[in-house]
Amino acid sequence: MIGDAAGYDGIILGAGHNALILAAYLGRAGLRMLAIDRAAVAGGGLATAEYPLGSGFLHNPHAFFQRAVTAMPWYSDLDLERRGASYIEPELNVALLTRDGGALEWWTDIERTIASVAQFSRRDAATLRRWHDEFVPIVQQILGPENRSPPLPPTQRRALLERTPSGRRLLEVSAASPLEFVQREFEHPTVMAGLLFFNGLREVDMRVRGFGHHIAALIASPAKAQMSRGGSAALARALEAAMRASGGEIRLLTEPARIVVEDSRAIGIETRDGEMIRARTLIASSLNPQQTFRELLDPSAVPAEIRDRAGRFQYNLLAPLFALHLNLHETPQYQAAATHFELAQAFMTIIGLDRVDQFFEIIRHHEAGTIPPTVMWGACPTMFDSTQAPAGKHTAFMWEKVPYRLEGDAANWERARDGHGRVMLDLWQQYAPNLRDAVIESFVRSPLDIERSLPNMREADLLVGAFTNDQIGYHRPFPGAGAYRTHIRNLYLCGSSSHPGGNITGLPGYNAAQAILGDLGIRADWMPPPITVGLAAP
Ligand SMILES: Cc1cc2nc3c(=O)[nH]c(=O)nc-3n(C[C@H](O)[C@H](O)[C@H](O)COP(=O)(O)OP(=O)(O)OC[C@H]3O[C@@H](n4cnc5c(N)ncnc54)[C@H](O)[C@@H]3O)c2cc1C
């Protein structure tokens with residue numbers, strides 16, 4: 001029965017941002033929701049921590065750069081600004097600093113981005129404009145709405161796309177790999193490297209065909225990097241408030257031991273402490289497929305084929321990050337800013353990347369389990385938000401992609417982490433020499449630390465599952481559990497292992513809410529029109 005005050009209609013496993021978004025929408029539809037999480041604080045990747053304790057220096061150990069959060073439908077639907085969320089979107093959004101003192105810049109204003117690319121290659125600047133103009137309507141009419149809706153079966157999707165000129169063009173461009181696209185369209189090695197870097201940030205393997213449209217979509221997308229004022233956790237607190245306002249509850253430091261199934265229905269959760277918590281209507285898991293199908297469901301409740309597919313779900317080779325965090329007396333002052341004054345206001349800064357062929361080297365090292373020559377990116381959050389450090393002081397961080405299994409075993413990060421932090425600081429100081437005297441404190445986090453704090457990010461894959469052709473869209477995480485539904489009628493998926501994947505998009509939770517309410521026969525006024533209507537439009 002929906003809305004009964006005693007007990008819960010639904011239980012969500014995990015209380016990261018996708019879970020909280022789903023819970024808030026279901027709560028608004030009248031369902032009494034509970035989210036349970038093993039951590040001491042809700043929000044998952046939306047975390048902010050003080051280091052050292054009591055110092056006033058705040059760090060965001062997981063998600064920091066959040067693309068277009070303020071344009072997400074749930075941000076306004078759930079009234080998050082009234083609940084304390086607030087975002088900053090610096091105009092010089094990204095700067096790639098080259099070793100010779102140059103800078104390739106991405107601005108919120110496309111004209112300024114094109115002008116920066118023109119300093120490297122006039123031909124590439126013209127190409128960038130052409131792809132931007134061609135893909136703006138494709139992003140607006142197809143790719144954006146597809147991300148915000150439960151995915152369609154691939155044959156139905158293809159048939160709809162083939163009906164319109166933009167749909168046909170998207171299919172044509174997708175056929176290549178991102179690498180083939182960049183090699184075919186662009187000429188300057190730094191411009192090519194910059195474009196493939198963004199592709200890599202979204203964790204798409206640049207060699208895989210079927211993703212050729214990714215770079216064009218990134219060029220055309222209005223979604224730029226934003227940061228949460230007060231730290232990433234501020235968004236988690238606003239989402240928690242939205243969930244509680246809809247009657248929901250969160251239980252922390254609570255770990256599920258099993259999902260209890262009776263007569264082919266999920267009827268509740270048994271916790272590791274032996275408590276049984278019942279759910280009348282549904283259970284949704286924001287955890288990864290191995291956790292949901294192999295650790296929490298009894299093998300008797302999972303057909304062998306589904307168990308097998310869940311076991312084979314793959315994680316991104318290039319996703320694990322190594323982080324170096326600094327407490328500073330002053331902001332990093334990059335040498336390149338002596339000639340490019342605007343760099344003093346750059347948000348994301350990339351260093352160590354000059355040539356496109358470095359990517360091949362990085363992939364080779366990841367496959368071999370060795371650390372590649374450092375390419376890193378990061379920011380100085382306090383340049384834009386002084387609340388994240390004591391008055392006059394600053395914080396800054398850099399991330400680098402490193403292999404999870406260092407020399408064959410992730411445990412090797414325990415002995416290698418401090419030394420690797422020094423390698424990163426040394427490179428950083430070559431670009432910003434004032435860092436030799438400005439550091440007050442520092443700490444590092446390795447892929448092992450990520451997996452320990454968020455075990456759903458298996459193998460430290462912060463996107464919780466690779467983007468390969470058989471793990472995307474309708475088939476994410478795998479055929480038989482796509483589109484948020486599982487083989488158990490009232491057990492759903494709502495985390496980053498589902499379409500459209502990881503990062504702070506909230507869209508797996510938003511789309512799962514559409515699927516679940518649809519199954520319950522509830523139509524809410526916030527729901528977008530069915531994607532079949534949007535894709536069929538000329
Ligand atoms: C170092 C790092 C940097 C990142 N940078 C960015 C960035 O700049 N921009 C961006 O958009 N994204 C970034 N991400 C990725 C982003 O944080 C994730 O993709 C996102 O948090 C996934 O959201 P989610 O709600 O699906 O899962 P999560 O945020 O991971 O939440 C899952 C929740 O489940 C809980 N949980 C796990 N296992 C269990 C269990 N067995 N029982 C109970 N609870 C459990 C966890 O404690 C967690 O609270 C980064 C991640 C990392 C690690």
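**Close-up views of the ligand site and a small sheet**

**View 1. Polar contacts of the ligand with Asp37, Phe64 and Phe65.** A side-chain N or O atom of Asp37 lies 2.5 Å from an oxygen atom of the ligand; a polar contact is a pair of N or O atoms within 3.5 Å, and within protein one must be able to donate a hydrogen and the other to accept it, with residues adjacent in sequence counted only if both atoms are side-chain atoms. The model is predicted: local features need pLDDT of at least 70, side-chain atom pairs count only at pLDDT 80 or more, and totals for chains, interfaces and linings use all residues. Residues are numbered from 1 along each chain as its sequence is written, and side-chain values use heavy atoms, with hydrogens and water left out. A polar backbone atom of Phe64 is 3.1 Å from an oxygen atom of the ligand. A nitrogen atom of the ligand is 2.5 Å from a backbone N or O atom of Phe65. Of the 1000 Å² of accessible area that the ligand has on its own, the protein covers 96% (Shrake-Rupley method, 1.4 Å probe).

**View 2. The shell of residues around the ligand.** The ligand is surrounded by 31 residues (a heavy atom within 4 Å). The closest are Asp37, Phe65, Leu462, Ser496 and Asn503. By class, the shell holds 15 nonpolar, 13 polar and three charged residues (nonpolar: Ala, Val, Leu, Ile, Met, Phe, Trp, Tyr, Cys and Pro; charged: Asp, Glu, Lys and Arg; polar: the others, Gly among them).

**View 3. The open sheet β5-β9-β6.** Its three strands pair antiparallel (strands are DSSP E runs of at least two residues, numbered from the N terminus; two strands pair if DSSP finds at least two bridges between them). β5 (66–67) and β6 (87–88) are the edge strands, each pairing on one side only. Two bridges join β6 to β9 (residues 225–228). Tyr87 stands opposite Ser228 in β9.

Technical notes: Helix = DSSP H or I, 4+ residues; strand = E, 2+ residues; numbered from the N terminus.
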